[in-house]
Amino acid sequence: MSEAGKGVAAMVAAALLWGLAPLYYKLLVHIDAVEILAHRTVWSFLLFALLLLVQGRLGQLPAAMNSARALGVIVLAAVMISTNWLLFILSVQWGMTTQAALGYYIFPLVAVMLGWVVLGEWLSRAQWSAVMLAALGVGVLTYGLGVAPWVSLVLAFSFGLYGLVKKRLSVGPTVSVTAEVAVLAPVGLAWLMWLETRGAGVFGEDMLDSFLLVFSGVLTATPLILFSYAARRVSLSTIGLLQYINPTGQFLCAVVIFGEPFSGWHMAAFGCIWVALALYSVSAVSRERASRRVAMAAAGPSTTVMNSRSEASAKP
């Protein structure tokens, strides 16, 4: 398998793990969401720290927080991602996984809007159309249900703001995520210890529950590692397209497995979002191809000839 093929396989595996995560959290529906989040944070930190230790990069962790500004960015990112994690767990427990799926569907469009508002990034006509369609979908669902899909909106904006904050970090994804959970781990550990002193903690009471709580670290770390592997080997447009496997998996879990209601209003809203994402994806692919052509032209004719020879030699 080529490096690009390995990257695609890794991205598909990561997206599937994220998409099927509601099945895991449904098994823990009888446990308080904050306690689950605390376990997820502590076990994730241990796993990420072990990974950096094996890679010989554990020394990069203090360097990622060596100034007040860097530490502030890490703390802000940690708050955003922990908010996202907690609300996702709660959405499964509340029977609102459909809203969670909608939130992760509209996240790319929220990220585009944040880039325009905060960073002054230019939006194409197709991207504007996609954003407007997404807003229409949310409006339709709000009208139909009589209340805004606030779970979807908070999940989309918390993850969008998390991505925006991450742009301020100069360290790699694994180190930055480890730094984030390192900031959160003492809080999570203190909460778990407090629960144990009150006799309210569930860890150790049931073997299956205890195993599943420890497994939360694996479920958090593994897709992030796969995502980082894929990001170095395939184009951003490919990653963007494959990432839609995640909310699609959540959507299928919610409607097919959990039996959550999916009314005509839901269908209309999701239809708007799916069309919006199709427009956005086509625009993203076109822009990336245009950028490649410009880069090849700027590199000179020799690069074009070499690429042509490589393509010819790759043909059967």
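These legends go with four close-up views of a predicted model.

**View 1. Helix H1 and its buried residues.** Let's start with helix H1, which spans residues 3-19 and has 17 residues. From its first C-alpha to its last, H1 reaches 24 Å, close to the 24 Å expected at 1.5 Å a residue. If you pick out the buried residues of H1, you will find Gly7, Ala10, Met11, Ala14, Ala15 and Gly19. They cover an arc of only 165° around the axis, so they sit on the same side of H1.

**View 2. Ala21 and its contacts.** Moving along, we come to Ala21, which belongs to helix H2 (residues 21-26). Ala21 counts as buried because its relative accessibility is 8%, and the cut-off for buried is under 20%. Setting aside neighbours within four places in sequence, Ala21 is in contact with Phe88 and Leu219. Ala21 and Phe88 are 67 residues apart along the chain, and their C-alpha atoms are separated by 9.7 Å.

**View 3. A nonpolar surface patch.** Here you can look at a nonpolar patch of about 820 Å² on the surface. Its members are Leu47, Leu50, Leu53, Val54, Leu58, Leu208, Phe211, Phe215 and Val218. Helix H3 (33-55) and helix H10 (207-231) are the elements that give two or more residues to this patch.

**View 4. Leu58, a loop member of the patch.** Finally, take a look at Leu58, one of the residues that make the nonpolar patch. Leu58 lies in the loop between H3 and helix H4 (60-63). With a relative accessible area of 34%, Leu58 is partly exposed.

Methods: Residues numbered from 1 in each chain as written. Predicted model: local features only at pLDDT ≥ 70, side-chain atom pairs only at ≥ 80, totals over all residues. Heavy atoms only, no water. Helix = DSSP H or I, 4+ residues; strand = E, 2+ residues; numbered from the N terminus. Buried < 20%, exposed > 50% of the residue type's maximum accessible area, 1.4 Å probe, protein only. Contact = heavy atoms within 4.5 Å. Expected span 1.5 Å × (residues − 1). Arc of directions from axis to C-beta. Patch = residues over 30% accessible without salt bridge, like charges linked within 9 Å, V, L, I, M, F, W, Y side chains within 5 Å. Areas by Shrake-Rupley, 256 points an atom, 1.4 Å probe, with all protein chains shown as cover. Salt bridge = Lys/Arg side-chain N within 4 Å of Asp/Glu carboxyl O.
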